[in-house]
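The following exercises are to be worked through with the sequence and the structure at hand. Each task is followed by a solution in steps.

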Amino acid sequence: MSEERVQKILARAGIASRRKAEELIREGVVTINGRVAEVGDKADPERDAIKVDGKRIQHNQQHRYLLLNKPKAYMSTVEDPEGRKTVMDLVPAAMRKALVPVGRLDYHTEGLLLLTDDGEFAQRIAHPRYGSTKTYEVKVKGAPTEAQLDRLREGILLDGHRTSPAKITSRGPRKPTGTHRRGEPESDNSWWIVEISEGRTRQVREMFFRIGHPVQKLRRVAIGPLRDARLPVGALRELTEQEVEKLLRSARQPEAKPARKTPPARKKAAAATNAAAKQPAAEKPAPRARKPVSKPARKPPTGVKRAGARKPGARKQPQGRR
Ligand code: URA
């Protein structure tokens, strides 16, 4: 294998996006054959020992990243004890190995769902601490007032916790009155675009239910910057490298934990310990990979949702099932 810039090698190995990899190099935690790397250095990942925080990277770690347009009446789990169809039924058997859905969509919700064998990536996109937004088109019964929508925008209490601020806009003008066919009741539904960055169980359904406008249809149309209006319902495709990178870039870094103050008496000992064994920073960018294809993940993705796993004491939701 020929030489490449180290940040590119790190990005391909799933350590960080190229930009973040450059930051790691600047921080001095990357070495090539024992020498601290500098931005712009090149190396051959087959020949050279490239280490991050003392840990040698595996250059050929490749993961799979799929985008599915989930149809209604599919569980977004790997299996279902009740025997219902799951999104895995839509994935060719040869591609299923170690694959899990990233977060969840309700049984009755359709739209974009990522599947991957890269646990760090799954965590980045699904966990609210990374703030990755999810956008939904929502059809609700009736037409909520601005005041009601403002309540949802500001956050409401669900199971004792306030929802984070939501963006809610109209999906477009309602059908002009008088355009319905004679004898047909005029629709009293309205469509909204809802953008949230949490993934609480049945959140959108529950939010509109609380203001008296139950959801009739729910479709996820974007995950962070990722959209694909042309992907047919039930179809699946691999993400491009650029899409994976873009998704990762759109997920914010977790806030660094405030540094703990060391009492003076203990400072010396702590300094010695730190020098002897430099620990990785608490909130280092999580490792991840980008190339769409083949190699199975090393460990099961976090946040793997198994069917039927409801939180103890969780309240039954108003409509449908996840
Ligand atoms: N909110 C819901 O209510 N359901 C989903 O599937 C996703 C978000």
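**Exercise 1.** Determine how strand E5 is joined to E6 in this predicted model, and where the two strands stand in their sheet.

*Solution.*
Step 1. Strand E5 covers residues 50-52, and 2 bridges join it to E6. The two strands run antiparallel.
Step 2. One residue pair illustrates this pairing: lysine 51 has arginine 56 in E6 as its bridge partner.
Step 3. The sheet is open and has 4 strands, in the order E3-E2-E5-E6, with antiparallel pairing.
Step 4. Strand E3 (35-36) and strand E6 (55-56) each have a single partner strand; therefore one side of each is left without a neighbour in the sheet, and both stand at the edges.

**Exercise 2.** Identify the directions in which strands E9 and E10 run relative to strand E15.

*Solution.*
Step 1. Strand E9 (residues 110-116) and strand E15 (residues 215-223) are joined by 2 bridges and run parallel. Glycine 111 has arginine 220 in E15 as its bridge partner.
Step 2. Strand E10 (residues 134-141) is joined to E15 by 7 bridges, and these two run antiparallel. Glutamate 137 stands opposite arginine 219 in E15.
Step 3. E15 is thus joined to E9 in parallel and to E10 in antiparallel fashion.

**Exercise 3.** Is glutamate 243 buried or exposed, and why? Describe also the helix in which it is found.

*Solution.*
Step 1. Glutamate 243 is found in helix H6, residues 241-250.
Step 2. A residue counts as buried if 20 or more other C-beta atoms lie within 10 Å of its own. Glutamate 243 has 20 such atoms within 10 Å, and is therefore buried.
Step 3. Glu243, Val244, Leu247 and Leu248 are buried in H6. Seen down the helix axis, the buried residues of H6 fall within an arc of 135°, so they line one face of the helix.
Step 4. These buried residues pack against strand E7 (65-70) and helix H3 (119-126).
Step 5. In sequence, glutamate 243 and arginine 227 are 16 residues apart; in space, the distance is 9.9 Å, C-alpha to C-alpha.

**Exercise 4.** Explain why helix H3 is described as largely enclosed.

*Solution.*
Step 1. Of the 8 residues of H3, 7 are buried, so the helix is largely enclosed by the rest of the structure.
Step 2. The buried residues are Gly119, Glu120, Phe121, Ala122, Arg124, Ile125 and Ala126.
Step 3. Their cover includes strand E8 (100-101), E9, E15 and H6.

**Exercise 5.** Which residues surround the ligand, and how are they divided by class?

*Solution.*
Step 1. The residues around the ligand are Leu105, Asp106, Thr109, Arg202, Gln203, Val204, Arg205 and Leu218.
Step 2. By class, this shell has 3 nonpolar, 2 polar and 3 charged residues.
Step 3. Helix H5 (residues 203-210) provides the largest share of the shell, 3 residues.

**Exercise 6.** Summarise the protein as a whole, together with the confidence of its prediction.

*Solution.*
Step 1. The secondary structure comprises 7 helices and 16 strands.
Step 2. The protein has 322 residues, of which 34% count as buried.
Step 3. Among contacts between residues at least 6 apart in sequence, 72% join residues at least 24 apart.
Step 4. The mean pLDDT is 79, and 72% of the residues reach 70 or more. Over residues 260-321, however, the pLDDT is below 50; this stretch has 108 contacts in the model beyond near neighbours in sequence.

Technical notes: Residues numbered from 1 in each chain as written. Predicted model: local features only at pLDDT ≥ 70, side-chain atom pairs only at ≥ 80, totals over all residues. Near = placed C-beta within 6 Å. Nonpolar A, V, L, I, M, F, W, Y, C, P; charged D, E, K, R; others polar. Buried ≥ 20, exposed ≤ 12 C-beta atoms within 10 Å, placed from the backbone. Pairing = 2+ DSSP bridges. Arc of directions from axis to C-beta. Contact = placed C-beta atoms within 7 Å. pLDDT = per-residue confidence, 0-100.
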